[in-house]
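Let us take a friendly walk through a protein model, looking at its empty spaces, a pair of helices and a few unusual spots in the backbone. Keep the 3D view open as you read.

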Amino acid sequence: MASSPDKSGMFCKATALVPRVLLSATALIFALCCVFVSPGACADKIVMSVDASKTGAKINRNIFGQFAEHLGHGIYDGIWVGPDSSIPNTRGIRNDVVAALKAIKVPNVRWPGGCFADEYHWRKGIGTPRAVTLNPNWGGVIEPNTFGTHEFMDFLEQIGAEAYVSVNVGSGTPQEAAEWLEYMTTAQPTTLEKERTANGHPAPYKIAFFGIGNESWDCGGNMTPEYYLDQYKVYSRFVRNFNPAQQDKQQMLKIAVGPGGDGPRWTDWTETIMKAYQQHSWSWDMDGLSMHNYTVVKWPPAYASVGFGETEYAQILKSTLEMQDLVSKYSAIMDKYDAQKKVALVVDEWGGWYTPLPGSNPGFLVQQNSVRDAVLAALNLNIFARHADRVRMANIAQMINVLQALIVTDKQKMVLTPTYYVYKMYVPFQDATFVPISFDAGTYTHENISLPRLDAIAAKDSSGKVWMEFTNLDPNQPAEIEVNVAGTTAKSVKGETLTAPKVDSINTFEAPETVAPKPISGTVQGGKVSLKLEPKSVTVVSIEQ
Ligand code: AHR
């Protein structure tokens with residue numbers, strides 16, 4: 001493979017570390033060959049080892065969760081068009097969006113925010129007529145409240161996902177939240193139960209996840225960790241889930257606000273909450289600690305979502321890989337106070353956050369979604385999978401029409417983004433068991449930025465089939481890979497790969513398949529799987545026995 005002298009030198013330097021990290025004898029021979037015989041060949045092949053008999057934690061399907069906030073066209077137009085719309089819908093919810101979301105097996109949806117959640121008053125979103133209010137966080141526009149509790153739960157039922165309800169701590173009260181939960185979950189004939197029945201839903205709703213506040217250190221009320229903790233304890237004590245089916249089994253999991261980045265403030269916040277958890281009494285509890293981390297490089301967001309070159313491609317990927325250190329750092333703090341890992345780290349807001357598209361309302365956070373975002377999504381999902389013992393839930397921001405959206409709509413039109421396709425390709429990893437792999441990633445260098453050339457994960461599904469994902473970060477060079485497979489009989493390999501002509505290639509309404517998965521196959525010989533990965537690509541394959 002042709003590569004510049006500088007680049008091949010970098011690959012060889014990285015590969016010289018191989019004896020420390022590679023397990024297989026074949027890989028070692030290959031590495032020595034790179035260093036002493038043919039330095040240029042180092043860029044050509046990446047040798048990996050996977051042993052399917054050695055397994056790790058379960059990759060909780062909830063790491064593929066979504067986030068739908070009352071923000072811009074995330075809910076209105078994106079999900080809700082109303083029953084009288086000419087856009088095909090079921091009880092006001094768009095059919096095209098539901099079909100697309102069913103195909104990626106969305107495990108849970110976080111709603112109604114975000115910052116919006118701490119100004120949301122649930123009573124305005126039930127019954128008729130609905131109160132018309134404002135959305136001061138996001139463009140100051142009218143909030144018609146036509147999409148409320150019943151519509152959200154109907155949407156979840158249509159797509160087959162669980163509810164992750166974020167409750168108002170900033171401007172609400174524990175009583176308001178407690179009544180909302182009673183309204184949604186009680187089976188007993190209370191006044192609130194009768195009101196729910198009158199509004200069309202006699203059966204109690206299932207609320208799987210319950211977020212107490214959002215970014216309470218900032219838009220959620222600028223609280224100190226101590227003040228938030230006091231609030232959290234009160235909400236945890238009094239806001240109860242009464243659903244009879246959720247008492248012994250399938251209990252609602254309570255999620256506390258956690259860190260929102262790197263630095264002493266967030267370390268302090270995490271320490272305070274986790275230390276209190278370690279000593280918590282019977283009267284309050286916690287099942288998850290949230291973490292928010294966007295790929296933004298600097299505030300306000302200054303990177304374009306389309307019309308960029310390789311420099312911005314490399315800078316954004318470098319920034320997104322910081323997720324690795326953050327997850328490790330907060331996992332380590334949690335380990336100190338919760339060695340048994342009872343509390344999950346819930347990365348319930350993550351994704352690329354770029355400058356708003358020209359002409360759009362800046363409060364609507366509208367951006368394009370390119371093949372760079374597909375690579376970014378795969379890198380983050382792989383980080384979560386590698387920390388599957390602690391990261392048991394994550395929610396990309398956001399589901400439709402906002403930030404790193406999976407789906408973009410415009411009136412009757414809908415297009416699936418490169419990020420959507422990554423989620424579709426990763427479906428086999430939902431609830432699969434992590435399988436460790438070893439490899440030397442090599443290096444992709446652009447200007448002064450050096451990144452791993454390749455990322456990869458492996459997992460075993462419930463039928464015992466081994467799945468592998470490979471992300472080739474290098475936008476210029478394909479990657480030849482050879483996987484030494486042990487612990488299963490590899491007979492053939494097949495799967496899908498996603499790439500595009502340019503680093504900023506996008507899908508549009510006119511050209512919706514520019515960045516869409518295509519079949520890929522490789523060869524298997526003597527337990528060795530060989531594949532060629534396209535530049536800037538995301539690939540998922542199954543090892544067929
Ligand atoms: O996702 C957009 C916003 O980002 C959310 O409302 C908020 O929680 C975060 O700051």
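The largest pocket of this predicted model holds about 610 Å³ of space. Its lining is made up of 33 residues. If you want to find the pocket in your viewer, look for G260, N293, Y294, V296 and W299, which lie nearest its centre. Three elements give two or more residues to this lining: β11 (288-295), α10 (310-320) and α11. Sorted by class, the lining has 16 nonpolar, 8 polar and 9 charged residues.

Now turn to the second largest pocket, where about 500 Å³ of space lies. This pocket is lined by 27 residues, and V366, N401, V408, T409 and D410 are the closest to its centre. Strand β14 (residues 407-410) supplies the largest share of the lining, 3 residues. By class, the lining divides into 12 nonpolar, 11 polar and 4 charged residues.

How do we find such spaces at all? Rolling a probe the size of a water molecule over the atoms shows where empty space is left.

Besides pockets, there are cavities to explore. How many cavities of 30 Å³ or more does the structure hold? There are 3 of them. The second largest cavity has about 50 Å³ of space. Around this cavity you will find A117, Y120, W122, S166, V167, N168, G172, T173, E176, A177 and W180. Both β8 (162-167) and α6 (174-185) supply at least two residues of the lining, and α6 gives the most, with 3 residues. In this lining, 6 residues are nonpolar, 4 are polar and 1 is charged.

Here are the three spaces side by side.

| Space | Volume | Lining by class |
|---|---|---|
| Largest pocket | about 610 Å³ | 16 nonpolar, 8 polar, 9 charged |
| Second largest pocket | about 500 Å³ | 12 nonpolar, 11 polar, 4 charged |
| Second largest cavity | about 50 Å³ | 6 nonpolar, 4 polar, 1 charged |

Next, back to α11, one of the elements that help to line the largest pocket. Helix α11 (residues 322-337) has a partner in helix α9 (residues 264-278): their axes come within 9 Å and cross at roughly 25 degrees. Are the two helices roughly parallel or roughly antiparallel? Angles under 35 degrees count as roughly parallel, and α9 and α11 are therefore roughly parallel to each other. The crossing of α9 past α11 is right-handed.

Which residues make the contact between these helices? From α9 come W266, T267, T270, E271, M274, K275, Y277 and Q278, and they meet K329, Y330, I333, M334, K336 and Y337 of α11. By class, this contact has 7 nonpolar, 3 polar and 4 charged residues.

Finally, let us look at the backbone itself. Most residues other than glycine have a negative phi, and most peptide bonds are trans. With that in mind, try the loop between β5 (108-111) and β6 (133-135), where P112 has its place. The bond from W111 to P112 is cis, with omega near 5 degrees. P129 also sits in the loop between β5 and β6, and a cis peptide bond joins T128 to P129, with omega about -10 degrees.

What is notable about the phi of N145? N145 has a positive phi of about 60 degrees, although it is not a glycine. You can find N145 in the loop between β7 (141-143) and α5 (149-159).

Note on methods:
Residues are numbered from 1 along each chain as its sequence is written. This is a predicted model: local features need pLDDT of at least 70, side-chain atom pairs count only at pLDDT 80 or more; totals for chains, interfaces and linings use all residues. Side-chain values use heavy atoms; hydrogens and water are left out. Axes are lines fitted to C-alpha atoms, for helices over the stretch in contact, and angles run from 0 to 180 degrees between N-to-C directions. Helices (H or I, at least four residues) and strands (E, at least two) are DSSP runs, numbered from the N terminus. Angles under 35 degrees count as roughly parallel, over 145 as roughly antiparallel, 65 to 115 as roughly perpendicular and the rest as oblique. A crossing is left-handed if the near helix is turned anticlockwise from the far one by less than a right angle, and right-handed if clockwise. Contact means heavy atoms within 4.5 Å. Ala, Val, Leu, Ile, Met, Phe, Trp, Tyr, Cys and Pro count as nonpolar, Asp, Glu, Lys and Arg as charged, and the others, Gly among them, as polar. On a 1 Å grid over the protein atoms alone, a cavity is a set of points where a 1.4 Å probe fits but cannot get out, and a pocket is an open set with protein on both sides within 12 Å along at least five of seven lines; lining residues have an atom within 4 Å of a point. Grid points are joined across faces, edges and corners, and a volume is the space filled by probe spheres set on the points.
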